[in-house]
Amino acid sequence: MSGRGLRLTVFLDDTDTWHHRPMYTEIVHRAHAAGLAGASVFHGLEGFGATQVVHTTRLLSMADDLPVAVVIIDTEEAVRAFLPQLDDLLIEGVAVLDQVEIVHHRGGRAER
């Protein structure tokens, strides 16, 4: 896989859940089931969102609700087809799409 693609980044809190499991886990498993090229979860050390409250690992009393970013990359068609799967999760974060150029991907599946 190389060439033009689309990156979906979903920003959440690490305490967000879906049916008693982390929301980021649900998103990754849905992306995998949809056959997308890849998904990764990145845990932030500090951040704030709509509440304007800064959450950080530096203060033990505020070490929850830390930022998490789920990043998914595939072709534009595949990522856009996946977007409806996020709708029923009632995510209270933000999702962004970026056009990307994929310069290297050596996966175990056939190229599209």
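Is Glu 76 buried, partly exposed or exposed, and what is its relative accessible area? In this predicted model, Glu 76 is partly exposed, with a relative accessible area of 28%.

1. Glu 76 forms a salt bridge with Arg 80, the closest N and O atoms lying 2.9 Å apart. Both residues belong to helix 2 (residues 76-82) and are separated by 4 residues, about one turn of the helix. Arg 80 is likewise partly exposed, at a relative accessible area of 42%.

2. Salt bridges with shared partners bring Arg 21, Glu 26, Arg 30 and Asp 88 together in one network. Across the whole structure, the search finds 5 salt bridges.

3. Within that network, Arg 30 pairs with Glu 26 at 2.7 Å between the closest N and O atoms. The two residues lie in helix 1 (residues 23-33), 4 residues apart, about one turn of the helix. Both are buried; Arg 30 counts as buried because its relative accessibility is 14%, under the 20% limit.

4. Arg 30 also meets Asp 88 in a salt bridge, with an N to O distance of 2.8 Å. This pair links distant parts of the chain, 58 residues apart: Arg 30 is in helix 1, whereas Asp 88 is in the loop between helix 3 (84-87) and strand 8. Asp 88 is partly exposed, with a relative accessible area of 39%.

5. Phe 11, Val 94 and Val 96 make a nonpolar surface patch of about 230 Å². Val 94 is located in strand 8 (residues 94-102) and is partly exposed, at a relative accessible area of 46%.

Key
Residues numbered from 1 in each chain as written. Predicted model: local features only at pLDDT ≥ 70, side-chain atom pairs only at ≥ 80, totals over all residues. Heavy atoms only, no water. Patch = residues over 30% accessible without salt bridge, like charges linked within 9 Å, V, L, I, M, F, W, Y side chains within 5 Å. Areas by Shrake-Rupley, 256 points an atom, 1.4 Å probe, with all protein chains shown as cover. Salt bridge = Lys/Arg side-chain N within 4 Å of Asp/Glu carboxyl O. Buried < 20%, exposed > 50% of the residue type's maximum accessible area, 1.4 Å probe, protein only.
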